[in-house]
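Work through the following exercises with the sequence and the structure side by side. Try each task before reading the solution that follows it.

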Amino acid sequence: MTPDLMEQGARHFEEAQAKAAITGHTASGGRSAGFARLAAPVGEVDITHGRILYLEDVSVSFDGFKAINKLSLDIAPGELRCIIGPNGAGKTTMMDIITGKTRPNEGSVYFGSTINLLRYNEPQIAQMGIGRKFQKPTVFEKLTVFENLELALKTNKNVKSSMLFKLDSSQGDKLADILQTIHLSSQVTNLAGNLSHGQKQWLEIGMLLMQDPKLLLLDEPVAGMTDEETARTAELFLSLKGKHSLMVVEHDMSFIDTISDIVTVLCDGSVLAQGTLAEVQNDERVIEVYLGR
Ligand SMILES: Nc1ncnc2c1ncn2[C@@H]1O[C@H](COP(=O)(O)OP(=O)(O)OP(=O)(O)O)[C@@H](O)[C@H]1O
Ligand SMILES: [Mg+2]
């Protein structure tokens with residue numbers, strides 16, 4: 001083949017690729033080849049089976065110690081699920097598995113009914129709409145509240161495009177809405193470093209909300225908060241319920257009492273009990289693990 005023809009072929013290929021990327025059309029009529037086809041378009045979570053998160057028989061061992069042991073659990077779209085359990089029960093490890101930080105030795109983890117999360121890495125899982133809040137607030141202390149929220153939208157890691165990034169009007173409206181939701185409208189020009197511990201936690205939740213997460217995982221969100229901040233956080237989570245699915249790990253039982261519908265009790269890496277808080281608190285096995293050790 002002559003260099004000319006090769007160049008022409010390469011150009012055609014590039015044009016076809018660019019067109020497919022823009023329109024979603026391919027030579028085979030928009031279907032991508034593969035043995036299994038997703039029921040929902042790529043990037044969308046298929047919740048037609050009524051579940052947004054599904055774990056089955058998941059186990060992980062650290063040096064022979066089973067931190068997660070045949071764990072099965074599922075969550076409905078829009079649900080606010082509370083997870084409780086004694087120290088070392090595996091609550092944080094479970095979140096590590098869902099977010100791709102830790103790989104289980106066995107079991108299945110699905111986002112909706114079609115996305116096998118075990119095939120993806122941490123950044124890809126975050127990109128798909130699973131936001132995670134660690135216990136310690138991680139905001140940019142030297143930036144203002146506004147800048148922190150704005151930064152959350154900058155998915156492009158390229159420095160130049162980040163510097164040139166400007167909010168469009170719908171993003172501006174969204175930022176204003178989120179400021180209200182997280183009770184920080186009056187702090188918009190304040191440096192994040194000047195906020196109280198509770199306000200930093202809300203700001204970080206706001207940064208997650210800027211990315212429109214479908215599922216939010218929150219690990220001990222009210223630890224270290226004042227009673228008033230805890231009460232406001234309860235209001236915040238109740239307002240997020242329905243719009244997002246939430247999984248909240250907490251030791252603060254009065255907080256759990258305010259926000260919970262279904263509570264799952266983890267112990268030794270598996271589900272020990274599940275039900276309303278009153279139900280699980282009256283369960284002999286739960287009383288045993290909390291008081292009997
Ligand atoms: N990377 C790791 N290497 C070794 N052991 C680990 C690792 N991560 C967790 N573990 C162990 O797994 C068990 C479960 O830990 P995990 O942090 O998930 O518990 P938890 O339920 O979040 O506890 P807490 O309520 O104290 O936060 C613990 O015994 C812990 O020491
Ligand atoms: Mg933990």
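**Exercise 1.** Decide whether Lys 70 counts as buried, partly exposed or exposed, and say which strand holds this residue.

*Solution.* In this predicted model, begin by counting the neighbours of Lys 70, which has 14 C-beta neighbours inside 10 Å. A buried residue needs 20 or more such atoms and an exposed one has 12 or fewer, so Lys 70 counts as partly exposed. Next, find Lys 70 along the chain, where it belongs to strand E2. Finally, look at the backbone: phi of Lys 70 is near 55 degrees, which is a positive value in a residue other than glycine.

**Exercise 2.** Find Glu 220, and determine how its phi and its exposure are described.

*Solution.* Glu 220 lies in the loop between E7 and H8. The phi of Glu 220 is near 50 degrees, again a positive value in a residue that is not glycine. With 17 other C-beta atoms within 10 Å, Glu 220 is partly exposed.

**Exercise 3.** Work out the order of the strands in the open sheet of four strands, and explain why E2 and E5 each have one side without a neighbour.

*Solution.* The order of this open sheet is E2-E1-E4-E5, and its pairing is antiparallel. Strand E2 (65-75) and strand E5 (115-116) stand at the edges with a single partner strand each, so one side of each has no neighbour in the sheet. Now add the helix that lies against these strands: H2 packs on the sheet and touches E1, E2 and E4, with a direction that makes about 65 degrees with that of E2.

The next step is to follow the individual pairings. E1 and E2 pair in the antiparallel sense over seven bridges, and the bridge partner of Tyr 54 in E2 is Asp 74. The hairpin of E1 and E2 has two residues between the strands, and in this hairpin Asp 63 takes a positive phi near 50 degrees. Strand E1 (residues 53-62) is also joined to strand E4 (residues 106-111) by five bridges, with the two strands running antiparallel. In E4, Ser 108 is the bridge partner of Glu 56.

**Exercise 4.** Establish how far H2 is enclosed, and what H2 gives to the shell around ligand 1.

*Solution.* Seven of the eight residues of H2 are buried, so this helix is largely enclosed by the rest of the structure. The buried residues are Lys 91, Thr 93, Met 94, Met 95, Asp 96, Ile 97 and Ile 98. Just after H2, Gly 100 takes a positive phi of about 85 degrees.

Turning to the ligand, helix H2 (residues 91-98) gives the most to the shell around ligand 1, with three residues. The residues around ligand 1 include Lys 91, Thr 92 and Thr 93, together with others, among them Phe 62, Ala 67 and Asn 87. By class, this shell has three nonpolar, six polar and one charged residues.

**Exercise 5.** Describe the open sheet of six strands by its order and its pairing, and identify its edges.

*Solution.* The order is E6-E7-E8-E3-E9-E10, and the pairing is mixed. E6 and strand E10 (270-275) stand at the edges, where each has a single partner strand, so one side of each is left without a neighbour in the sheet. From one strand to the next, the twist averages 20 degrees. As one pairing to trace, E6 and E7 run in the parallel sense over four bridges, and the bridge partner of Gly 131 in E7 is Leu 216.

**Exercise 6.** Compare the reach of helix H7 with its expected value, and state which elements cover its buried residues.

*Solution.* Helix H7 (residues 197-209) has 13 residues and reaches 19 Å from its first C-alpha to its last, which is close to the 18 Å expected at 1.5 Å a residue. Twelve of the 13 residues of H7 are buried, including Trp 202, Leu 203 and Met 207. What covers the buried residues of H7 includes strand E6 (130-133), helix H4 (145-151), helix H6 (169-181), strand E7 (215-219) and helix H8 (227-240).

Key. Residues numbered from 1 in each chain as written. Chains lettered and ligands numbered in written order. Predicted model: local features only at pLDDT ≥ 70, side-chain atom pairs only at ≥ 80, totals over all residues. Expected span 1.5 Å × (residues − 1). Contact = placed C-beta atoms within 7 Å. Near = placed C-beta within 6 Å. Nonpolar A, V, L, I, M, F, W, Y, C, P; charged D, E, K, R; others polar. Pairing = 2+ DSSP bridges. Axes fitted to C-alpha atoms, helices over the stretch in contact; angles between N-to-C directions.
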